[in-house]
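Here is a short report on one protein. Look at the sequence and the structure first, then read on.

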Amino acid sequence: MTEKNFYITTPIYYPSGKLHIGSAYTTIACDVQARYKRLMGYDVYYLTGLDEHGQKIEAKAAEAGLAPQSYVDGMAEGVEKLWDLLDISHDVFYRTTNPEHEKAVQRIFDKLLAQDDIYLGEYSGWYSVSDEEFFTESQLTEVFRDENGKVTGGIAPSGHEVEWVSEESYFFRMGKYADRLLAFYKENPDFITPNSRMNEMIKNFIEPGLEDLAVSRTSFTWGIKVPNNPKHVVYVWLDALFNYMTALGLENDLENRLDKFWPADIHMVGKDILRFHSIYWPIFLMALDLPLPKRLVAHGWYVMQDGKMSKSKGNVVYPEMLVERYGLDPLRYYLMRSLPVGSDGTFTPEDYVGRINYELANDLGNLLNRTVAMINKYFDGKVPSLSAGQTDFDADLEATATQVISDYHKYMDLVDYPRALEAVWSLIARTNKYIDETAPWVLAKDADQKGNLGSVMAHLAESLRVVAHLIAPFMMETATGIVSQLGLGDVEAMENLTFGQFPEGVTVVAKGTPIFPRLDMDEEIAYIKDQMAAGKPATEKEWVPEEVELVLNKPEIKFEDFDQIEIRVAEVIDCQKVEGSDKLLQFRLDAGDAEHRQILSGIANFYPNPEALIGLKVQIVANLKPRKMMKKYVSQGMILSAEHDGNLTLLTVDPSVPNGSVIG
């Protein structure tokens, strides 16, 4: 018999801040696949860990007054605690500060240099410290210019500021392998999930021409030193990507894991880092004549109704809060059920609490409660034989279960968790309907129907046994709780799972305990919203583009909170574009103060002729704490506007209203 091995990896996370449900999603998604493969008889190796080098880590450590190693040690401890809380079944937690990893990366760098895949040159370009990535001017979402029109800075697609970097650097000859990479794509059309992302990589990055990649930096020191030129540290992606192999023993494979598990069966990554994994990583491996991974799964993001999660918006959701309040299994179920393959999903407190109440408590929990109660009531707690009788509805339930098992395996292999769980819940729905169709409370009144009643109880118990096995990779505690209440042992391997295997004569528990108590919707929605808002920082950031974006669907606030806002009438004395910004307008306003106040507003796209605004009387939030923007301007309030269908209009008042009048 051929040994079945399976190697799956999360990206190794960058420990520059606390991980939210986005990182929890990726790690749980890999955990689900790892658990599923183990139940299917595979020898699984599951990797996760941290990418601990780079300029951003060096800066974060300095801010905290720590040496970089001490900083990443503390972050690693926190992440490992989170994975323990989420019951992640990883086999290794790997860190790029591991000495064996550093040795391997240095050896790889030397080999690539010796075979002329890497050469020494000089790089000049726009660099984002937060993204650890270089950008061309055309890739920036906003460009800052001085009075002469010269570009002085800008904003990367991620929303982070960039800075001009000019330094000596080693470069990797990416274009040398472009044709070979395209040939690999053609030979392996399922290399990237979803398939549409492969076309994005080809059209956006490969067809325009792959530029040589800078693979070293000299402007900071926290990283792996280039062996023969130690003023250089190895660029984070050349360093980090090789963790997938060094964790198996690329440098010193004492346990023969590399030969056993490489190439990886699945690298699971967020869509934002797919380029590095689908272009850089295969090319690095090609240059070294190493096997390429079999598959990349690039998932979307969990976003909020007002856009990406952001501390400044007060909409970040941390997994610890949800687990502590509602338990682990609801979180794992929600994250895996709610994010469509290849697309983004929207997290809302309403949806989270609703899925717990309707899908977990009502559909599944109530089915288990009713089944255990009826077996106790009608058969003294002993599960009858499936052959005890035959109702008109048994065959359809059995056929549904057989089809669901088949669909489930298909979707699990596709890593399509929402559809796999949808299949399971179709069996749960069919089983609940089966109760209504067979009406066991009616059968129980007729002694001649004892056999059919027994068949109904056996079919209910068997449906729940099948469900427990299918949800086991997602919700371990729930699966164990179901089989325990049914009088069975632990969840068994499901390589040969079929309907009709429930052992005769098993005694269920005397009284079942609800596995998902119903929640008070209003109370729990309010709780989650309060916890999200509690994470919003009290101090203003110096400059974050998000802060001038429109934010819709804000959480409810109390009257006392609103009463603290002072809205005044202000006359526009002067208005002009801000030098170096394509979005900002600089207003000088008479709001009844002793001196005019200045407010910057990101509405330039809607008012291309700012001089036309002079003389208007607008509404401003007058008691906002002043904040710095673009490092040299102070904004003393906020101008109110209305948005509809993508258009924005300033809120004005009658010209006869005196400047400084309070609105309220």
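## A pair of strands

Start with L47, which stands opposite V92 in β3. The model that shows this is a predicted one. L47 lies within the span of strand β2, residues 43-50. Strands β2 and β3 run parallel, and four bridges join them.

## The sheet around them

These two strands belong to an open sheet of six strands. Its order is β3-β2-β1-β13-β14-β9, and the pairing is parallel. Which strands stand at the edges? They are β3 (92-95) and β9 (192-193). Each has a single partner strand, so one side of each is left without a neighbour in the sheet.

Helix α1, residues 21-39, packs on this sheet. Helix α1 touches β1 (5-9), β2, β13 (266-270) and β14 (296-299). The direction of α1 makes about 165 degrees with that of β2.

## The nonpolar cores

The largest nonpolar core holds 107 residues. Which of them touch the most other members? They are L86, L322, L335, M336, F347 and W425. Helix α13 (residues 349-379) gives this core its largest share, 13 residues. The core also draws on two domains, with at least three residues from each. These are domain 1 (5-106 + 238-304) and domain 3 (361-517).

Take F347 as an example. Leave aside its neighbours within four places in sequence. F347 is then in contact with I21, Y302, V303, M304, V317, L322, Y334, Y352 and I528. One of these, L322, is also listed among the residues that touch the most other core members.

A second core is separate and has 68 residues. Among them are I118, W237, I283 and M286.

## Two crossing helices

Now turn to helix α12 (residues 328-338) and helix α18 (residues 476-485). Their axes come within 8 Å. They cross at roughly 115 degrees.

Which residues meet here? From α12 come L328, D329 and R332, and from α18 come M476, E477 and T478. By class, this contact has two nonpolar, one polar and three charged residues.

## The whole protein

Step back to the full chain. The protein has 664 residues, and 53% of them count as buried. There are 20 helices and 26 strands. Along the principal axes, the C-alpha atoms fill a box of roughly 95 × 75 × 45 Å.

How far apart in sequence are the residues in contact? Consider contacts between residues at least 6 apart. Of these, 74% join residues at least 24 apart.

Technical notes: Residues are numbered from 1 along each chain as its sequence is written. This is a predicted model: local features need pLDDT of at least 70, side-chain atom pairs count only at pLDDT 80 or more; totals for chains, interfaces and linings use all residues. Side-chain values use heavy atoms; hydrogens and water are left out. A nonpolar core is a set of buried Ala, Val, Leu, Ile, Met, Phe, Trp, Tyr and Cys residues joined through side-chain atoms within 4.5 Å. Buried means under 20% relative accessible area, exposed over 50%, partly exposed in between (1.4 Å probe, protein chains only). Domain bounds come from an automatic or database domain assignment. Contact means heavy atoms within 4.5 Å. Two strands pair if DSSP finds at least two bridges between them. Axes are lines fitted to C-alpha atoms, for helices over the stretch in contact, and angles run from 0 to 180 degrees between N-to-C directions. Ala, Val, Leu, Ile, Met, Phe, Trp, Tyr, Cys and Pro count as nonpolar, Asp, Glu, Lys and Arg as charged, and the others, Gly among them, as polar.
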